[in-house]
Amino acid sequence: MTNQLSLPYEEIKSVAGRQYLRDNFTVSSKVAYKVPFEKLQERPGFNKRIVFENMDELAASIKAKGLQEPLVVDILEDGRVFIDKGHRRFKALQMIVASGHPIQFVECFPNNRSITEMERMEDVYNSNMY
């Protein structure tokens, strides 16, 4: 006997392939890069958040499903990589590494070159409000 899944909406059974996407849409300007985990740094004094809630759950989720949203980083010409958005996810990644599970690379979006320091501060302030 086969169990039938009954949904109140259309079930998606397959999605379009790469060629269809290329033929019908333009690529977003956001490109993710795999940054070596050991290159990622928090900029001292930038993120004022002191409470990081539900970290065990976040670390378990990342360990089970991977990072669902890339970090946003500032990549400097001297090779340093500072986290702009994703400090909580970075802390969870650190927890995973500390528990004995190595992480080679982390998917990251580089910040727009025209972003200002004020915009960075507004973003981190707004994200910490939640």
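**Exercise 1.** In this predicted model, work out how strands E3 and E4 pair, and over how many bridges.

*Solution.* Start with the two stretches: strand E3 covers residues 71-75, and strand E4 covers residues 81-85. Next, look at their direction: E3 and E4 pair in the antiparallel sense, over four bridges. For one spot along the pairing, find valine 72, which stands opposite lysine 85 in E4. Finally, check the link: E3 and E4 form a hairpin, with five residues between them. Glycine 79 sits in that turn and has a positive phi of about 95°.

**Exercise 2.** Now turn to strand E2 and find out which way E2 and E4 run, parallel or antiparallel.

*Solution.* Strand E2 is residues 40-41. Two bridges join E2 to E4, and these strands run parallel. To see one of the partners, pick glutamine 41: its bridge partner in E4 is phenylalanine 82.

**Exercise 3.** How many of the residues in E4 are buried?

*Solution.* Take buried to mean under 20% relative accessible area. By that cut-off, four of the five residues in E4 are buried, so the strand is mostly covered. For the whole protein, 26% of the 130 residues count as buried.

**Exercise 4.** Place these strands in the whole protein: what pattern does the protein follow along the sequence?

*Solution.* First the tally: four helices and five strands. Then read along the sequence, and you get α-β-β-α-β-β-α-β-α. Last, look at the contacts with a separation of 6 or more: residues 24 or more positions apart account for 80% of them.

Key. Residues are numbered from 1 along each chain as its sequence is written. This is a predicted model: local features need pLDDT of at least 70, side-chain atom pairs count only at pLDDT 80 or more; totals for chains, interfaces and linings use all residues. Side-chain values use heavy atoms; hydrogens and water are left out. Buried means under 20% relative accessible area, exposed over 50%, partly exposed in between (1.4 Å probe, protein chains only). Two strands pair if DSSP finds at least two bridges between them. Contact means heavy atoms within 4.5 Å.
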